[in-house]
Amino acid sequence: MKIAILGTRGIPNNYGGFEQCAEYLSVGLVKKGHEVTIYSPVFHPYKEANYKGVKIIRKSSPQHIFGQSASNFIYDYLCLKDAAKQDFDIILELGLITSSLSIIFCRKRGKVIVTNLDGLEWKRKKWNKIVQKVTKTLEKYGIKYSDYLIADNIGVWQYIHNEYNRESEFIAYGAVVVKKPSVSCLSDYGLNADNYLLSIARLEPENNLEMMFDAYLKSGIKTPYFVVGQHLTSYGDFLKDKYRDKGIIFLGGIFNKVDLDNIRYYSTCYLHGHSVGGTNPALLEAMAAQTFIFAHDNKFNKSVVINNAFYFDSASKLADLLKDKEIIKNKNAFIKNNLIRIDEVYRWSIVVNQYESYFKRILDNK
């Protein structure tokens, strides 16, 4: 098969979840004998024409003129316009909202468009009511005009069926095997093994960082709380000002996977506040790295971790969990069960096989 993957900031990943998906999926499909092309913005630091056998096509993204959000619509359109002229069997769009206008209006020349919805973007708390309404409309028509749909979370799969009466293929996100843990890197980040709370997240309102920070302060525990994620944003500045000198340390973005896995492994517990849908890569990586997980109580997180985490929906509930010294007795069983689930459902080898099988079924039906 000839497959194009659109909708990301390119590979190798230096940004986030869909970029990681694009990297592992494309390389995995190439290893299985398929021709795969990734569309990448010109500003990506990797400048070679191929990455581990994956062809890279670069397109302009005028974010220096229009800003990131608006420029993504233009970038996605330019990518799909070019891909529609090529001889691809499958065009995979990772993410729906900024690609929706392209899917609706671009001349697709009979190409098969498969869209991975990701989460429910219109629910993001950072958007005002008008933007949320526009985003929901884009979601509606993007789903309508996509030929096929993929949901990486059972909660999203159910949402597509219930909200739009459309079928989608459930294909989970993937996790990488974690190397044997080592404390050697912890001192580089000011960490002491088994003596810190941890969150890894984009600093966005829908990730419930304020809820978790308030819970930490309310609990009165003295264990320091470290946060990994890019904080040089307006909301990051707000959080740093609000929680200054209160035991919460912002480490910024860390992209060294080995270091991140070690940081996860040696944490006292991992606090996961993501709430707007999809299978979040940080949650899978926390499971794979054998962390003790406290997660926001929603159907998306629960469909991934099931009963092997403690759940919270308020600062008071999380504060009570943090203070409860008895729940530590669940740690080893939770960690063991999460590792089993990772191996059975969320390994990239499994995910790549599922994508390949789905694409083949699509082309056979066509």
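## Strands 10 and 11, with two loop residues

Strand 10 (residues 225-228) pairs with strand 11 in the parallel sense over 4 bridges, where pairing requires that DSSP finds at least two bridges between two strands. The model is a predicted one, in which local features need pLDDT of at least 70 and side-chain atom pairs count only at pLDDT 80 or more, while totals for chains, interfaces and linings use all residues. Residues are numbered from 1 along each chain as its sequence is written, and side-chain values use heavy atoms, with hydrogens and water left out.

Helices (H or I, at least four residues) and strands (E, at least two) are DSSP runs, numbered from the N terminus. Within the pair, Val227 stands opposite Phe250 of strand 11. Along strand 11 (residues 248-252), Ile248, Phe250 and Gly252 point to one face and are buried, whereas Ile249 and Leu251 point to the other and are not; buried means under 20% relative accessible area, exposed over 50%, and partly exposed in between (1.4 Å probe, protein chains only).

Two loop residues can be set side by side, with contact meaning heavy atoms within 4.5 Å and residues up to four places away in sequence not counted.

| Residue | Loop | Relative accessibility | Contacts |
|---|---|---|---|
| Asn207 | between strand 9 (197-200) and helix 7 (209-219) | 7%, buried | Ala201, Arg202, Met212, Gly273, His274 |
| Tyr46 | between strand 2 (35-41) and strand 3 (50-51) | 23%, partly exposed | Ile11, Pro12, Tyr51, Ile56, Arg58 |

Tyr46 and Asn13, although 33 residues apart in sequence, are 9.7 Å apart in space, C-alpha to C-alpha.
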